[in-house]
Amino acid sequence: MTTSQIAFLKGHGTENDFVIVPDADNAVALPASVVARLCDRRAGIGGDGLLHVVRSAAHPEARTMARDAEWFMDYRNADGSVAEMCGNGVRVFAHYLQRAGLVEDGDLAVATRGGVKKVHLAKNGDITVSMGRALLPAEGVTVTVDGREWDTRNVNMGNPHAVAFVEDLAHAGDLLSEPFFVPAAVYPDGVNVEFVVDRGPRHVAMRVHERGSGETRSCGTGACAVAVAAARRDALDPTTTGEPVTYTVDLPGGSLVITEHPDGEIEMTGPAVIVAEGKIDPAWLETLNG
C-alpha cells in the first residue's frame, strides 16, 4: 500500500454509487480486500463499486487502448472483484474527469475492459454513453425465486445479463444473493439478473442483482440489456426494421433513456453526480494491508 494519504470522491449515477480513486499514474495498489472494505457501507466509505481513474498508458490492461482513449476506467465490484464494464460507472467517471478539469464538454473516449466507450458530455449535465452492440447468445437460463420460474433472455453488454419479464417486481425477492439459475454452465463466472415489468409503450421498470454487488439502485449495462430484450420481445428490432428504438427504463434510483440504432449501436443517457470528496486515512489502510 502507501503511507501517504489517498484522495477519493463519492459519486452516483441514478443512485448506483461509487468510490472514486483518482490515480493517473497507477501508483495506488488496490487489492480486492481493500476495495471490498472501501465499498463497505458500515466499515468503509460505501459504494456499489469502485472507479479507479488511471491513464490508459499507465495500466497494463489498457495500454493497447491508449491511442484511442487517454483515460482507463479500472472498475471493481463491491466485493473487490474485477469487472468488464459499468454503464452508470462510465457516466460518473466522465463527470469526474470533467469536474477535475481533465476534459471539457463534448465528446470523450473512455477505455474499459469492455472496450473503448464513446461519451458525450452535454452542457445541460446529461451524459450519453455509446455502450457498443449487444450480443445475444442463443442459450438462456431459467431463473427461480421463491418457487417461481422464468425463462430469461441472454444479453451480453461486455458483461453477462439474464433478463426475466415478470408480473410484479416484488417477485424478484430480496436479491441479496444471486438468484438461482440453471443450467449454471451458461454463466460460469456468474451473471447480472434483471427482473422487468411493463409500465407503458416502450417504457419498462426493473430491479437487478448485480454480480459481485447484490441488488443495486441502478445498473447501466442492465438497463441496456433490458431495452434490447424488450425490443426483441416487442418485435422492434432496429437491426431488422431499420429504425432506431428508444425505451425509458425506470430503476429504483431514477430513469435512463436507452436507444438502439439500426447498426446495433446502443446509447444510454442519464445523469451523474459527485457528492463528496476527501482523503483516505493511511493508518486505516495499513491495518487492512497488515
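## A walk from the cavity outwards

The largest cavity in this predicted model holds about 100 Å³ of space. Of the 15 residues lining it, Asn-77, Met-85, Asn-159, Asn-192 and Glu-210 are the closest to its centre. A cavity here is a set of points, on a 1 Å grid over the protein atoms alone, where a 1.4 Å probe fits but cannot get out, and a lining residue has an atom within 4 Å of a point. Grid points are joined across faces, edges and corners, and the volume is the space filled by probe spheres set on the points. Rolling a probe the size of a water molecule over the atoms shows where empty space is left. With a threshold of 30 Å³ or more, the structure holds one cavity.

Before going further, a word on the ground rules. Residues are numbered from 1 along each chain as its sequence is written, and side-chain values use heavy atoms, without hydrogens or water. Since this is a predicted model, local features need pLDDT of at least 70 and side-chain atom pairs count only at pLDDT 80 or more, while totals for chains, interfaces and linings use all residues.

Back at the cavity, the lining is made up of five nonpolar, seven polar and three charged residues. In that split, Ala, Val, Leu, Ile, Met, Phe, Trp, Tyr, Cys and Pro count as nonpolar, Asp, Glu, Lys and Arg as charged, and the others, Gly among them, as polar. Strand β4 (71-77) and helix α3 each supply at least two residues of this lining. Helices (H or I, at least four residues) and strands (E, at least two) are DSSP runs numbered from the N terminus.

Helix α3 is a good place to continue. Its 14 residues (220-233) should span 20 Å at 1.5 Å a residue, and the end C-alpha atoms are 20 Å apart, which agrees; the expected span is 1.5 Å times one less than the number of residues. Of those 14 residues, 13 are buried, where buried means under 20% relative accessible area, exposed over 50%, and partly exposed in between (1.4 Å probe, protein chains only). Arg-233 in α3 is partly exposed, at 37% relative accessibility. The side chain of Arg-233 meets that of Asp-198 in a salt bridge, 2.7 Å from N to O. This pair links distant parts of the chain, with Asp-198 in strand β13 (residues 192-200) and Arg-233 in helix α3, 35 residues apart. Asp-198 is partly exposed too, at 47%.

That pair belongs to a wider set: the whole structure has 18 salt bridges, each a side-chain nitrogen of Lys or Arg within 4 Å of a carboxyl oxygen of Asp or Glu. Another joins Arg-113 to Glu-61, with the closest N and O atoms 2.8 Å apart. Arg-113 sits in the loop between β5 (106-112) and β6 (115-121) and Glu-61 in the loop between β3 (49-55) and β4, so the pair ties together parts that are 52 residues apart in sequence. Arg-113 is partly exposed at 22%, and Glu-61 is partly exposed at 44%. Asp-105 and Lys-123 form a further bridge, the closest N and O atoms being 3.5 Å apart. Here Asp-105 is in the loop between α2 (87-99) and β5, and Lys-123 in the loop between β6 and β7 (127-133), 18 residues away. Asp-105 is partly exposed at 38%, whereas Lys-123 is exposed at 77%.

Salt bridges also form a network, which links Lys-10, Asp-17, Arg-41 and Asp-48. Asp-17, in strand β2 (residues 16-22), is buried, with a relative accessible area of 10%. Beyond its neighbours within four places in sequence, the contacts of Asp-17 (heavy atoms within 4.5 Å) include Lys-10, Arg-41, Asp-48 and His-12.

Finally, the backbone deserves a look. Most residues other than glycine have a negative phi, and most peptide bonds are trans. Ala-235, just after α3, takes a positive phi of about 60°. Ala-235 is in the loop between α3 and α4 (238-241) and is exposed at 61%. Asp-146 also has a positive phi, near 50°; this residue lies in the loop between β8 (142-145) and β9 (148-151) and counts as exposed at 66%. Val-182 and Pro-183 are joined by a cis peptide bond with omega of about -5°, and Pro-183 lies in the loop between β12 (180-182) and β13.

Definitions and conventions. 1 Å grid on protein atoms, 1.4 Å probe; cavity = no way out; pocket = protein on both sides within 12 Å on 5 of 7 lines; lining within 4 Å.
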